[in-house]
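Could you look over the backbone of this model with me before we discuss it further? I have put my remarks into short numbered points.

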Protein chains: 2
Amino acid sequence: MDNIVQPIALITSPFTDKFSIPRQPGLAPSVISTVSFVGDFDHAASIEGIQQYSHLWLIFEFNQHRSHQWRERVRPPRLGGNKQLGVFATRSPFRPNNLGMSVVKLVDVVVKPQVKLVVSGADLLDQTPIVDIKPYVPYVDAIPEASSAFAGDEPNQLEVCFSATAEAFIDELTSNAAKSEHYQNLRQVIIEVLRQDPRPAYHASKQPERHYVSQLYDLELNWYVTGQCLTITEIRQQKDF
Amino acid sequence: MDNIVQPIALITSPFTDKFSIPRQPGLAPSVISTVSFVGDFDHAASIEGIQQYSHLWLIFEFNQHRSHQWRERVRPPRLGGNKQLGVFATRSPFRPNNLGMSVVKLVDVVVKPQVKLVVSGADLLDQTPIVDIKPYVPYVDAIPEASSAFAGDEPNQLEVCFSATAEAFIDELTSNAAKSEHYQNLRQVIIEVLRQDPRPAYHASKQPERHYVSQLYDLELNWYVTGQCLTITEIRQQKDF
C-alpha cells in the first residue's frame with residue numbers, strides 16, 4: 001500500500017533557515033519564491049493553462065523533519081507552546097508522511113530555459129521539495145464560514161522599526177540593480193516576516209528584550225522586541241553576492 | 001529525495017465504483033463517509049482537539065491509478081473532454097505522485113473501539129487510503145476572491161426524478177432500521193450524486209437517452225437523461241445486506 005513520492009520541483013525562497021518562517025502561507029504576501037520543475041517534470045506541457053488561475057496549492061515535503069519521529073501530540077506555537085493537541089488537529093510539520101500544503105498566489109510563468117512558476121506568499125523553506133501543484137478552485141476550496149477554535153484568528157502583529165544602520169544597509173543593497181532583483185521587495189519582506197513575532201511563545205513572556213538573529217537569503221537580521229515594537233538593530237551579509 | 005508515504009487511515013464511502021463520483025468535494029453534501037485510522041495511527045491522542053474544527057482536509061492516494069502512467073496533458077471532463085490542459089492546471093487523478101486533496105465537513109468523532117472520523121461531502125472512492133488529515137483554517141485556506149477561468153463556476157445540475165419502482169425500492173429499504181442506518185440519507189444522496197450528470201461529456205451531446213448504470217453501496221441505479229431531466233428507472237441490490 002505504500003506510495004513512493006518523488007519531487008516534481010524545488011522551491012527557491014528567501015527562507016534559508018526555519019526560524020522566522022511565517023507559520024502559515026499568505027502572512028508575508030511580498031515574499032517571492034520560485035518553483036523550478038526538475039528532471040522528467042521539466043516540461044511546459046504539464047503546466048499548460050495554469051496562468052488562468054490566480055492561486056495554486058503547493059503540496060510539499062517537510063524534508064528537514066524526515067529523520068524525526070512524528071509525535072501524536074504537538075504544542076502549537078500559536079497556543080503559547082503550553083497546550084497540547086493531536087497532530088491531526090494541527091498543521092505542525094512533525095506529522096506522519098511529512099506532507100505540507102500551502103496556497104500561494106501565481107505571479108509569473110516561465111517556460112525557458114527551465115519551467116518555473118513565480119509565486120508570492122509561500123511559507124516554505126528554501127529548497128523544499130514540491131510533490132504536487134494543483135489549481136485553487138474557489139467554489140470547492142474556499143469555505144469562509146468554516147470555523148476553527150484555535151487557529152481561526154489572524155495572529156497579533158508587531159510594529160517593525162529599523163535602526164539607522166539597518167536602514168542604510170537596505171538602501172545600499174537595493175540601489176544596486178542586480179542585487180535589487182535578487183532581494184525583491186526586501187524592506188517590505190523583512191517587515192512582513194518579522195511582524196509575525198518569530199519568538200518562541202515562552203520567550204515572549206519570560207525573556208523580554210532578548211536579542212535574536214533571523215536569516216533571510218544570505219542576510220542576518222539582528223532584532224529585539226519591547227512591548228509591541230520589534231527593532232532591527234543591524235543587518236549583515238554572510239557572504240558576497 | 002524520495003519519500004515513502006503510507007496510509008494512516010482508510011475511508012468507507014458509498015462510492016463503490018469510480019463512475020458517478022462527484023468531480024469535486026462538497027457537491028454531494030449528504031454523502032456520509034467514515035475515516036478509520038489503521039495500525040500505529042489508531043490512537044485517540046493524535047486527533048485530540050479535532051472536534052474544534054468544522055472542516056478538515058483529507059490528503060489521499062488516487063490508488064486506483066497507481067499502475068497508470070501520469071499524463072502531461074489531460075482532458076478535464078468539465079471542459080467537455082475536448083480541450084487539453086497541463087496536468088498541474090487540473091485536479092485530474094492522473095498525476096505524478098497520485099495525491100489528491102479534498103475538504104470535508106467533520107460530523108462526528110469516535111474513539112472506541114477504533115478511532116474514526118465521520119465526515120460529509122467527501123468525493124472519495126470507497127477504501128481510498130488517507131495519508132494525512134489537516135484542519136481547515138479559514139484565515140489561510142479560504143480565498144473567495146481567487147479566480148479560476150476553467151473550473152470557477154459550479155457545474156450545471158440536472159433535475160432528478162424517480163420511477164414508481166425506484167421510489168418503492170427506496171421506501172422498502174429505508175423502512176428497515178438497520179438498513180436505514182447503513183444507507184444514510186439514501187434518497188437525498190442519490191439526488192445529489194446523479195444531479196451532477198455523471199455522463200461522459202461526449203455522450204451528453206451525441207447519445208441522448210442512452211441508459212446508464214451507477215453504483216452506490218451495493219446498489220445498482222439504472223437511469224437515463226432527457227434534456228435537463230434525469231430519470232431513475234430501477235434500483236437493484238447486488239447482494240444481500
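The points below concern unusual peptide bonds and phi values in the backbone of what is a predicted model.

1. As background, most peptide bonds are trans, and most residues other than glycine have a negative phi. The points that follow take up the exceptions one by one.

2. In chain A, the peptide bond between Lys112(A) and Pro113(A) is cis, with an omega of about -5 degrees. As for its setting, Pro113(A) belongs to the loop that runs between strand S7 (99-110) and strand S8 (116-120) of chain A.

3. In chain B, a cis peptide bond leads from Lys112(B) to Pro113(B), and its omega is near -5 degrees. Pro113(B) sits in the loop between strand S7 (99-110) and strand S8 (116-120) of chain B.

4. Ser20(A) is a residue other than glycine with a positive phi, the value being near 90 degrees. Ser20(A) is placed in the loop between strand S2 (9-12) and strand S3 (32-37) of chain A. Is this loop residue, Ser20(A), buried or exposed? Ser20(A) counts as buried because its relative accessibility is 6%, where the cut-off for buried is under 20%.

5. Asn98(A), likewise a residue other than glycine, has a positive phi near 55 degrees. Asn98(A) is located in the loop between strand S6 (85-86) and S7 of chain A. With a relative accessibility of 11%, Asn98(A) also counts as buried, so a loop position and a buried side go together in the description of Asn98(A).

How values were computed
Residues numbered from 1 in each chain as written. Chains lettered and ligands numbered in written order. Predicted model: local features only at pLDDT ≥ 70, side-chain atom pairs only at ≥ 80, totals over all residues. Heavy atoms only, no water. Helix = DSSP H or I, 4+ residues; strand = E, 2+ residues; numbered from the N terminus. Buried < 20%, exposed > 50% of the residue type's maximum accessible area, 1.4 Å probe, protein only.
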